[in-house]
Amino acid sequence: MDSNEKNCPLMETPAQEVADTVVVTNVNAAPLQSKEDVIARLEEICLQETPGDKSELDNLKQTFYKLRNAEVELARKEFEETGNNPENFVTPKDEYETKFKELMSTIREKRNALKAEEEQERENNLAKKLAIIDRMKELAESTDDTNKAYNEFKKLQTEWNEIKNIPVTKVNELWKSYQLYTEKFYDRIKLNNEFREYDFKKNLEIKLRLCEAAEKLSEEEDVISAFHQLQKLHQEFRETGPVAKEQREDIWNRFKAASSIVNRRHQQHFEEIKEREQRNLDEKIVICEIVEAMEYDKMQTFQDWHDKTEEILALQAKWKTIGFAPQKMNTKIFERFRAACDDFFKRKAEHFKTLKSNMTENLEKKKQLCEQAEALKDSTDWKTTADILTRLQKEWKQIGPISKKHSESIWKRFVTACDYFFEQKNKAEAIHKTAEQENLEKKKAIIEKLNNIIQNGDASNNTEATVRELMKEWNKIGFVPFKEKDRIYKQYHHAIDDLFKKFNLSASQKKLNNFKSSINKEANLYKEREKLMRAYENMKNEIKTYENNLGFLSSSSKKGNSLVSEMKRKVDKLKDDLALITKKIEVIDESIQQH
């Protein structure tokens, strides 16, 4: 063999590379649709003499448990949706899983036995080739008959080529020894030209056939198969003897060029698979991050957990549509995803366990709210009761969920009481609005009369009496629509102020009238009366104190006279205020009697 042939890189392809290529072949196989398909394929493998390769078995195992896990998750979901406690879920037994494990165990035993046989065969082949090398060494160093030695040497070469697999670690070392003693033998015997030409011609025919076979592999659709066939061609090319010197480079270049095309396709195929697997890994990492980023503290209601469960199931369905990740990461990324999903369903189970324990307490709270609402439904204190019921409705929303069998009935009870009150309130307000509109028209008429008095300009003897009568009439009129209240009130007091200024009516009387106007707005007349009585007593005591002090003061001096005058003025002012308070108390007493 010439030097170009000895430097061929494909002649020393590592065993691991060959094993890896098998993995890809099975990855590209048509996907199995059911557990029955997986079992059927395993049964076929069990019947084969060579019980499948590891990559196909790994693929079958992963496919089976993907289908199995999907069934378990569906059963778990149906179990929870029917109202069962998630912690009570038991994984259903599967007869297919039992059969699957039995078949895998049988295949594993066969593979182990076959592997042991192959190892023993390699060791036996190694011993045979070492014996051939020893004999070749003897022939290379012998001085016996050349023709007889040549025939034996060719026979040894034939035997060498018929012996195939040996331990991978011994391939290169053994080949170098074989090549060394082959060259030594040819150098010793110095074959005549006829023998050499015959060998060269025969070797050329073999290598031309090998070149043609290598060139046809570029058209092979199965890239992996083409690569493995090329390895066999290289083995045969290497084991074939040399050709004529002037043809050696050309024949090697042709064979190498054909090999390069197959190698390039093989490499591109694996690069595409690597890129696809990396994309699959990236997609699966994103899905893991989504599940791991679940904000559990924000999931409080049943609907929150239901929505997130649907999201998890959708992500699991998406996961199944994504192909394999790189082999070293495929199991790790799946374990990460499964751990995140398991954590979600564990938290969900804990949440609903706690939720169930709180349902009885929540039901009691809602019953209490129902009782309060029912006690208030006939109330005619519209504003206060409406505020209370609104607060009860807010409390209702803040109470957690209760069991479905009580949910509808308890809600209907509560809302019936609330609706009844608000219906009665709406009817009363409709009547009240009609009365308020009539009151508005009455007050507008009073304001018009007051404005007419102002426009006439003359203050007759009965002007003040007329004004006071109109003010008294105003105070008797009830509420007006809320949106008109401020406007009509301002118009009224503007007219009153103009009249008091124009006709110099009593300021004290004006204060009293203002008090009368406001007294109807007081929520508690008794409280206001007590306040006035305290002021009345305080003023009486203050007047008495001033009057006692006046008895001790001397008005002989100018300063003393001035002080006495000031104190008398304060006493008169207090007496006027006391009279006004007295009248206010009388107004409240009249109002209390009317109510």
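Modeller: A polar contact is a pair of N or O atoms within 3.5 Å, where, within protein, one must be able to donate a hydrogen and the other to accept it, and residues adjacent in sequence count only if both atoms are side-chain atoms. This is a predicted model in which local features need pLDDT of at least 70 and side-chain atom pairs count only at pLDDT 80 or more, while totals for chains, interfaces and linings use all residues. Residues are numbered from 1 along each chain as its sequence is written, and side-chain values use heavy atoms, with hydrogens and water left out.

Colleague: What links the side chain of Lys 129 to the backbone oxygen of Ile 163?

Modeller: A polar atom of the Lys 129 side chain lies 3.4 Å from that backbone oxygen, so the pair falls within the 3.5 Å limit of a polar contact.

Colleague: Why is Lys 129 called buried?

Modeller: Buried means under 20% relative accessible area, as against over 50% for exposed and in between for partly exposed, with a 1.4 Å probe and protein chains only. Lys 129 has a relative accessible area of 5% and is therefore buried. Lys 129 belongs to helix H5 (residues 95-141), helices here being DSSP runs of H or I with at least four residues, and strands runs of E with at least two, numbered from the N terminus.

Colleague: Which residues does Lys 129 touch, beyond those up to four places away in sequence?

Modeller: Lys 129 touches Trp 160, Ile 163, Lys 164, Ile 166 and Leu 174, contact meaning heavy atoms within 4.5 Å. Leu 174 is 45 residues away from Lys 129 along the chain, yet their C-alpha atoms are separated by 8.0 Å.

Colleague: Why is Lys 348 of helix H12 also called buried?

Modeller: With a relative accessible area of 9%, Lys 348 is under the cut-off and is therefore buried. Leaving aside neighbours within four places in sequence, Lys 348 is in contact with Glu 80, Trp 305 and Thr 309, and Glu 80 is itself one of the buried residues of H4.

Colleague: How do you know that the buried residues of H3 lie on the same side?

Modeller: In H3, Lys 35, Val 38, Ile 39, Leu 42, Ile 45 and Cys 46 are buried. They cover an arc of only 120 degrees around the axis, which puts them on the same side of H3, the arc being that of the directions from the helix axis to the C-beta atoms. The buried residues of H3 pack against H4 and H5.

Colleague: What is the span of H4, set against the expected one?

Modeller: The expected span is 1.5 Å times one less than the number of residues. H4 (residues 54-81), with 28 residues, reaches 41 Å from its first C-alpha to its last, close to the expected 40 Å. Just after H4, Gly 83 takes a positive phi of about 90 degrees.

Colleague: What makes a group of residues the largest nonpolar core?

Modeller: A nonpolar core is a set of buried Ala, Val, Leu, Ile, Met, Phe, Trp, Tyr and Cys residues joined through side-chain atoms within 4.5 Å. The largest has 22 residues, among which Ile 312, Phe 337 and Phe 344 touch the most other members. Helices H10 (245-292), H11 (302-321) and H12 (327-376) each supply at least two residues of this core, and H12 gives the most, with eight residues.
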